[in-house]
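Subject: Structure handover

Hello,

Here is the structure I said I would pass on. My notes on it follow below.

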Amino acid sequence: MHNRPQHFHAQAETALANAELRANFRGAMDYLRDKRKTAFADADEERTIRDRAEAIRQRCLSKLPELLEQLESNCIANGIRVHWAENADQANAIFTDIIQSHGGTLAVKGKSMVSEEIELNHAMEKEGITCLESDMGEYIVQLGQETPSHIIMPAIHKNKRQVAELFTEHVPGFQHTLDVDTLIQTGRNVLREKYRTADVGVSGVNFAVAETGTLCLVENEGNGRMCTTVPEVHIAITGIEKVVEFLADVPPLFSALTRSATGQLVTTYFNMISGPRKENELDGPKEVHLVLLDNGRSQAFADEEMRKTLQCIRCGACMNHCPVYTRIGGHAYGTVYPGPIGKIISPHLMGLEATQDLPTASSLCGACGEVCPVRIPIPELLQRLRHEAKQDPKPGTAPMRGQKAAASNAEAFVWRSFALITSRPVLYRMLTWCATRFRRLIPNKLGPWTRCRTAPKPAARTLRELMAERNK
Amino acid sequence: MSTIRIYPAMPKKVYVYATCLVDTFSPDSGLDAIRLLERTGVEVVYVPKQSCCGQPAYSSGYDDDARTTALSQMALFPEPWPVIVLSGSCGGMMHHHYRRLFAGSEHEQSVNEFCDRVFELTEFLVHVCRLRLEDKGPATSVVLHTSCAARREMNVHVTARQLLGQLEQVELREQDYESECCGFGGTFSVRHPAISEAMVQDKTRHLCETRAEQLISADWGCLLNINGALEYQGQPLRGMHLASFLLSRLEEKHA
């Protein structure tokens with residue numbers, strides 16, 4: 001199953017037709033929305049947390065190039081080896097080189113959306129390296145040969161019956177049960193053994209601190225800690241936008257992240273990785289690597305408005321509150337990052353040619369912007385992308401991949417006519433006069449509109465006419 | 001997006017911006033809104049040359065065409081009187097998005113001055129007119145739908161509720177997922193019909209489940225969508241504009 005953003009319409013229709021999937025999403029989103037609401041019970045506190053988080057992200061992004069250099073030198077000083085990757089291929093090559101230089105064949109991986117972005121598992125498989133997902137949701141998704149459908153809860157599209165079926169099929173000795181604790185324990189038992197035998201541990205990064213060269217990892221299951229401490233080699237990968245300036249920037253962002261994502265005040269685990277095992281230390285990897293991935297982010301960075309996209313701290317709150325995501329789920333998007341944030345970040349990662357249906361797949365209801373903990377103006381950015389997909393770039397703005405890809409002469413004609421009619425009172429009057437006078441001629445079937453609605457009926461007289469009569 | 005607004009004192013005159021949907025599909029709502037405003041003692045000026053705020057072009061990515069429309073509309077309201085818009089989403093377009101469309105252009109200042117004068121009907125009635133309603137109608141139950149723009153761009157879902165709350169004989173029923181979009185979104189409903197369909201079906205179900213006698217909204221975009229779906233499903237519930245409903249409650253003949 002490999003969905004693509006080019007097939008968004010068909011994928012969305014398939015998802016909408018799947019009653020079980022829709023029930024799974026509705027239930028899960030309701031649960032997450034409630035959790036967030038409880039975590040932000042006090043509106044003033046919520047405002048303060050978001051103010052701080054937004055300000056920190058904007059400050060850090062405003063000096064991104066300098067902070068990345070500072071991060072690199074401080075990581076190196078800590079003994080972390082830093083690699084730069086412009087795109088997915090380069091990042092995968094870095095992984096292959098490191099793992100093969102140790103003769104490794106098994107990697108365990110903590111949840112990392114960036115590793116999904118570069119399709120790491122796939123690339124490693126080609127090199128004869130198994131990359132086992134250790135996050136429970138990711139593990140379930142991997143067993144089903146799927147991709148995550150949510151950035152926080154990768155297997156949120158599945159219910160316990162579906163998970164039990166997967167385990168029955170793939171885990172030897174599993175006795176079918178719907179008991180959630182037993183299901184989790186089953187996954188754990190498999191994974192424990194793998195941590196012990198893996199050559200390399202792979203993780204993502206939530207915040208990379210420039211000031212100290214520290215990599216912060218937020219998680220609940222403890223698998224992230226296992227992946228980054230048990231194997232001899234740890235490779236962390238992150239998008240370049242995850243860098244923060246000071247250690248003191250982390251607690252406010254952490255708080256904003258966990259409350260928005262899972263409604264937690266803190267998570268069960270919070271890892272700070274500041275280098276490999278030192279002499280006389282008993283545990284920890286002997287080597288730590290950091291891969292800094294661009295993959296289209298510098299394009300977003302170059303444009304002051306689009307740069308706000310990079311403020312994202314990957315909490316998933318926009319997805320949980322999006323009426324579109326709630327109904328079609330993550331896979332329909334065919335992108336690594338689904339939902340509202342996916343609609344604004346994917347065009348930078350994949351180009352607007354491939355993703356042109358995503359920015360239009362929003363009623364611009366604003367629910368995403370309303371909950372974003374770092375106040376990314378998602379609806380406005382969607383608006384901007386719609387414009388960029390249709391028309392030549394604004395003069396003075398940085399070029400974007402796939403600009404004008406969705407341009408259509410027919411559509412341009414429609415909107416030029418719209419502008420003409422609405423700006424010329426005579427034309428507008430004629431049109432509305434016709435609409436009201438010939439309203440009975442309006443067909444009952446009006447394309448997509450009437451697949452679930454009756455055709456709208458204009459009134460017998462326009463307001464303008466009624467007012468003219470009134471003022472006589 | 002919603003920020004705290006400072007409201008002016010009650011003016012002598014206001015403009016009404018009825019919106020293209022009210023003009024074409026529900027002119028009575030426009031008349032009712034004008035009558036309602038007039039009852040507060042303000043003189044209402046209706047400019048017959050008005051057409052559409054330009055939102056359809058803007059939300060489709062055609063900024064230049066939206067600017068053409070926006071400039072033609074703004075030119076029709078030269079006096080410094082408030083412009084009262086009978087829809088939260090057109091209000092959001094004219095109060096917020098015009099600023100963005102003309103940011104950095106030669107029109108920036110005059111556009112911003114215009115945007116400052118734009119008010120949605122219910123916020124104007126509550127915050128400027130300080131309207132007090134005496135309910136003369138029979139006991140009834142209603143359910144309110146506020147558009148996403150009314151809620152998140154204009155922050156006027158509160159004022160619509162306040163007005164309904166003043167009516168003693170009217171029971172306001174709560175729907176599940178009240179803040180969720182009805183699935184209209186202008187061209188979204190045509191570009192992504194299957195998703196829009198799923199949204200409006202959920203919305204109508206939640207509205208019908210309240211068993212309210214009447215659906216009220218101050219947005220004709222949403223009502224076009226929701227009423228069309230309700231009619232298609234054969235439901236008895238129908239939506240009417242808040243202005244018409246309020247006016248009907250003030251007039252003895254309905255009592």
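I start with one helix of chain A and work outwards from there. The buried residues of H8(A) pack against four elements of chain A: helix H6 (113-117), strand E3 (130-133), helix H9 (160-170) and helix H10 (180-197). H8 itself covers residues 136-143 of chain A and is mostly covered, with 7 of its 8 residues buried. Those buried residues are A:Met136, A:Gly137, A:Glu138, A:Tyr139, A:Ile140, A:Val141 and A:Leu143. Please keep in mind throughout that this is a predicted model.

In the loop between H8 and H9 of chain A lies A:Gln145. Its phi is near 50°, which is a positive value in a residue other than glycine. A:Gln145 is exposed: its relative accessible area is 67%, and the cut-off for exposed is over 50%.

Chain B has a residue that can be described in a similar way. B:Arg130 sits in the loop between helix H7 (121-128) and strand E5 (140-145) of chain B. Phi of B:Arg130 is near 50°, again a positive value in a residue other than glycine. With a relative accessible area of 62%, B:Arg130 is exposed.

Two further residues are worth a look, one in each chain.

A:Asn220 belongs to the loop that runs between strand E6 (214-219) and helix H11 (223-229) of chain A. Is A:Asn220 buried, exposed or partly exposed? A:Asn220 is partly exposed, because its relative accessible area of 32% falls between the limits of 20% and 50%. When neighbours within four places in sequence are left aside, A:Asn220 is in contact with A:Gln264, A:Thr267, A:Thr268 and A:Tyr269. For one of these, A:Tyr269, the C-alpha atom is separated from that of A:Asn220 by 5.4 Å, although the two residues are 49 apart along the chain.

B:Ser89 is found in helix H5 of chain B, which takes in residues 88-102. B:Ser89 counts as buried because its relative accessible area is 19%, and buried means under 20%. Its contacts, apart from neighbours within four places in sequence, are B:Gln55, B:Ser147, B:Ala149 and B:Asp219.

Now the chains as wholes, starting with chain A. Chain A has 23 helices and 10 strands. The radius of gyration of chain A is 25 Å, close to the 23 Å that the globule rule gives for 472 residues, so chain A is as compact as a globular protein of that length. Its C-alpha trace spans about 95 × 55 × 45 Å along the principal axes. Of the 472 residues in chain A, 58% count as buried. Among the contacts of chain A with a separation of 6 or more, residues 24 or more positions apart account for 73%. The surface that chain A exposes is about 20,100 Å², and carbon and sulfur atoms supply 53% of that. Chain A carries 57 positive and 55 negative charges, and the mean positions of the two sets are 12 Å apart.

Chain B has 13 helices and 8 strands. For 255 residues a compact globule would have a radius of gyration near 18 Å, and the value for chain B, 18 Å, agrees with this. Along its principal axes the C-alpha trace of chain B spans about 50 × 45 × 30 Å. Buried residues make up 64% of the 255 in chain B. Of the contacts in chain B between residues at least 6 apart in sequence, 79% join residues at least 24 apart. The accessible surface of chain B is about 9,500 Å², with 48% of it belonging to carbon and sulfur atoms. In chain B the mean positions of the 24 positive and 32 negative charges are 2 Å apart.

Last, the interface. The size of an interface is often given as the accessible area lost when the parts come together. Between them, chain B and chain A bury about 5,600 Å², and 61% of this is on carbon and sulfur atoms. On the chain B side, B:Tyr62, B:Arg100 and B:Arg152 lose the most area to chain A, together 12% of what that side buries. The contact takes 65 residues from chain B and 63 from chain A.

Regards

Terms used:
Residues numbered from 1 in each chain as written. Chains lettered and ligands numbered in written order. Predicted model: local features only at pLDDT ≥ 70, side-chain atom pairs only at ≥ 80, totals over all residues. Heavy atoms only, no water. Helix = DSSP H or I, 4+ residues; strand = E, 2+ residues; numbered from the N terminus. Rg over C-alpha atoms; globule rule 2.2 N^0.38 Å. Buried < 20%, exposed > 50% of the residue type's maximum accessible area, 1.4 Å probe, protein only. Contact = heavy atoms within 4.5 Å. Areas by Shrake-Rupley, 256 points an atom, 1.4 Å probe, with all protein chains shown as cover. Lys, Arg positive; Asp, Glu negative; His and termini not counted. Charge placed at Lys NZ, Arg CZ, Asp CG, Glu CD. Buried area = accessible area lost by both parts, 1.4 Å probe.
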